[in-house]
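Colleague: Could we go through this structure together? I should like to understand a few of its residues and strands.

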Amino acid sequence: MKSKSMIFSLLVLSTGIACTKQDPASKDGLSSGNSLTQANAVLADPPATWKEHWFEHNQLLNRVFNDANVAVYYDNEVDRSITWPNTFLAQVWSYTKRTYGAFGNESPLYVILHTGKYSGGHPSTYMDASHDYRNVIDCGSSSTQAWKSGTGNDLDLTTHEVGHIAEGAAKGVHGSPAFDIWHDSKWMEIYIYDVYLGLGRTADAQRWYNLVSPGSDSYPRAQSHWFKDWWYPLYTQYGKTAVLNKYFTLLAANFPKHVVSNGVTNINEYSRKLNFGEFVHFWSGAAGADLKPLALTAFGNKDEQGNDWTVQLQQAKLTFPGVTYPGSTN
């Protein structure tokens, strides 16, 4: 099953953060040894212990905290004096639900931390069998001092994984059609920035801005500055938090979906990925403005495969007439 997912090797990105497993919210994220009985072991309340059964993870986890917003689990090596996830991730999860809507029946965020193993992190959502139909972030570190500071990368890494839940299950639709365009970390750059601002963590927002603004990537072309040239102007000029939420609203209302079974119920899932022209079209709809000039400045006119996305954009206007903005009619 792993081979069907987008499995990420551990990378050191410009932000120092990378998911180590799977396309976010991929229902194919089931580990090969997982049984149907385990996958369907859905519990109404966070259990006191929870045995991992995904990928190479096989730890017996202990619940160290829970409230209405989070259920926090540590493996045996995590220092029990570490308590910042109880408050911080409860705030992140509450803000994410206020911004993008419910993720299931207002269930808590399940936070799993490891020390000395499983470096990096991965998400799962309430639609996925792989983690027992729970909204989960599972993060590890090779350092024996992991998670003790509760600052900097500790915050960034855990918030990053919550962002994958947001992109992979927003508005009750499973999947992330833009994932092949923005890859593992580009959506996270603006999601994390917005979360820090929304929580009043202005120093962390500035720290994050300073960290990601100089960054560049090879996609869709060499020296693509996603945050500086795309996200930051889009965010600051076209509605900030509202423009992020509206993108997912428009996607859920207009992009092709089908109904599939996740093992216990039928769910709505996106049928395919966005092409780059459609990506620009939907973000233009969210912004209420033609973002073609901004996208040309940020990315040039070729997608990652070398296709002219401006041609795709013209077709997207015909295919998705419900996404409107000045210039959206051919």
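Modeller: We shall discuss one residue and then one strand. This is a predicted model, in which local features need pLDDT of at least 70, side-chain atom pairs count only at pLDDT 80 or more, and totals for chains, interfaces and linings use all residues. Residues are numbered from 1 along each chain as its sequence is written, and side-chain values use heavy atoms, with hydrogens and water left out.

Colleague: Where is D138 placed?

Modeller: D138 lies in strand 6, residues 136-141. Strands are DSSP runs of E with at least two residues, numbered from the N terminus.

Colleague: Is D138 buried or exposed?

Modeller: D138 is buried because its relative accessibility is 1%. Buried means under 20% relative accessible area, exposed over 50%, and partly exposed in between, with a 1.4 Å probe and protein chains only.

Colleague: Which residues does D138 touch?

Modeller: Leaving out residues up to four places away in sequence, D138 touches E52, W54, H57, I112, H114, G120, G121 and H122. Contact means heavy atoms within 4.5 Å.

Colleague: On to strand 4, then. Why is strand 4 described as largely enclosed?

Modeller: Strand 4 covers residues 109-113, and five of its five residues are buried, so the rest of the structure largely encloses it. On one side L109, V111 and L113 are buried, and on the other Y110 and I112 are buried.

Colleague: What is the bridge partner of I112 in strand 6?

Modeller: The partner is D138. Strands 4 and 6 run parallel and are joined by four bridges; two strands pair if DSSP finds at least two bridges between them.
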